[in-house]
Amino acid sequence: MIRTCRMGWAAALGLAVIGVPACKKKEAPAPPAEAAAPAPAPAPPAFAVLAIEVGKGIGADKRVTAPGTTFGRRDTIYASVATEGAAPSKTISAKWTYQDGQVIKQQAETIAPTGPAATEFHISKPKAWPVGKYKVEIAVDSAPAGSKDFEVK
Amino acid sequence: MPDNKEPKADFSDVEGGSSSTAPPAARTHTVVKGDTLSKLAKQYYGSAGQWKRIYEANKDVIENPDLIYPGQTIKIPEA
C-alpha cells in the first residue's frame, strides 16, 4: 500500500514536470514569406584568360600537371591556358620564340567555350632543343593575353 | 677575319599540337602563298562556290575577299 502511494506520487510528479512545458501555448508558426520574384540569372562572365602555365606534362583536364620553367633538351613542352566565360568563338593562339627572336612554332585553337575551360599547346623537337631561353606568347583573337618565359638547360 | 657569329639554331623539325576542354568553334587555316577563298572552299567543302561562307566568318580580318595574306589565320566554319 505504501509502495503504491509512493509510485503514485512519483508518477504525478513526473506528469507535472512533463506537463508544464506541454501546457505552454504554442506560438503560431511564422507566416510563410512571400515568394520573392526570382532573381534574374547572373550574366555569364566575359571571356577572359585566368592563367598561363608551362610544364612537362598535361592532364586530361588540359592543365599542366607540374608547372615549371626549366626543361630538358628532349622534353615536350606544354603550355596551358585557363579561361573563363562563354563565347561563340574565340581563337587562342600560341607563339613560341627562342632567345634570338626566331619563331619556333605558331598554333591556334578556335573554341566555343560555355564556361571555364583549359586549352593546351605543346611542342617537341626530335633532335633536342638548343639550350637557352624561350618564350610562349598567348593571344586571344590576336590580342596579347600574356606570356610565359622558360629555359632549356 | 674569323666569323664569330654563332650558327642560327635550327627549329625546322619542331612538332606540336593543341587541344581544349572547350568544344571547337570552327577549324582554322593559316594562309599560305597561293591560297584563295575559293581554293579553301574547295579544299574544306569540296566546292569553290562556297567561298562566301569563309568570307562571312572572317569579315573581321578579311577586308577584301580577293585579298588574303600569307600568315593570316582564318576560321573555317563547320561544313
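Guide: Contact here means heavy atoms within 4.5 Å. This is a predicted model, in which local features need pLDDT of at least 70, side-chain atom pairs count only at pLDDT 80 or more, and totals for chains, interfaces and linings use all residues. Residues are numbered from 1 along each chain as its sequence is written, chains are lettered from A and ligands numbered from 1 in the order in which they are written, and side-chain values use heavy atoms, with hydrogens and water left out.

Visitor: Happy to be here! Which pattern does chain A follow along the sequence?

Guide: Helices (H or I, at least four residues) and strands (E, at least two) are DSSP runs, numbered from the N terminus. On that basis chain A has one helix and eight strands. Read along the sequence, the pattern of chain A is α-β-β-β-β-β-β-β-β.

Visitor: And which pattern does chain B follow?

Guide: Chain B has two helices and three strands. Its order along the sequence is β-β-α-α-β.

Visitor: How much of chain A counts as buried residues?

Guide: Buried means under 20% relative accessible area, exposed means over 50%, and partly exposed lies in between (1.4 Å probe, protein chains only). For chain B, with 79 residues, the buried share is 34%. Among the 153 residues of chain A, the buried share is 35%.

Visitor: What order do the strands take in the open sheet with S1(B)?

Guide: Two strands pair if DSSP finds at least two bridges between them. This open sheet has four strands with antiparallel pairing, in the order S1(A)-S3(A)-S6(A)-S1(B).

Visitor: Why is one side of S1 of chain A and of S1 of chain B left without a neighbour in the sheet?

Guide: Strand S1 (48–55) of chain A and strand S1 (15–20) of chain B stand at the edges. One side of each has no neighbour in the sheet because each has a single partner strand.

Visitor: Which residue is the bridge partner of Phe121(A) in S1(B)?

Guide: Strand S6 (residues 117–124) of chain A pairs with S1(B) in the antiparallel sense, over six bridges. Within S1(B), Phe121(A) has as its bridge partner Ser18(B).

Visitor: Just before that strand of chain B comes Asp13(B). Which residues does Asp13(B) touch?

Guide: Asp13(B) lies in the segment before S1 of chain B, and it is buried, with a relative accessible area of 14%. Leaving out residues up to four places away in sequence, Asp13(B) touches Ser124(A), Lys125(A), Pro126(A) and Lys127(A).

Visitor: Let's move to the other sheet of chain A. Which strands stand at its edges?

Guide: This open sheet has five strands of chain A with mixed pairing, in the order S2-S8-S7-S4-S5. Each edge strand has a single partner, so one side of each is left without a neighbour; the two are strand S2 (70–71) and S5 of chain A.

Visitor: How many bridges join S4(A) to S5(A)?

Guide: S4(A) and S5(A) form a hairpin with four residues between them, and Gly101(A) in the turn has a positive phi of about 95 degrees. Lys90(A) stands opposite Ile111(A) in S5(A). The two strands run antiparallel, and the number of bridges joining them is eight.

Visitor: And which residue in S7(A) does Tyr98(A) stand opposite?

Guide: S4(A) also pairs with S7(A), in the antiparallel sense over seven bridges. There, Ser93(A) has Ala139(A) as its bridge partner. Opposite Tyr98(A) stands Tyr134(A).

Visitor: Which residues have the most contacts inside the largest nonpolar core?

Guide: A nonpolar core is a set of buried Ala, Val, Leu, Ile, Met, Phe, Trp, Tyr and Cys residues joined through side-chain atoms within 4.5 Å. Elements giving two or more residues to the largest core include strand S4 (90–98) and strand S7 (132–140) of chain A. This core has 28 residues, and those with the most contacts inside it are Trp96(A) and Trp129(A).

Visitor: Finally, what covers the buried residues of H1(B)?

Guide: In helix H1 (residues 37–45) of chain B, the buried residues are Leu37(B), Leu40(B), Ala41(B), Tyr44(B) and Tyr45(B). They sit on the same side of H1(B) because they cover an arc of only 100 degrees around the axis, taken from the directions from the helix axis to the C-beta atoms. Leu37(B) also belongs to a second, separate core of twelve residues. The cover over the buried residues of H1(B) includes, in chain B, strand S2 (27–30), helix H2 (51–57) and strand S3 (73–76).
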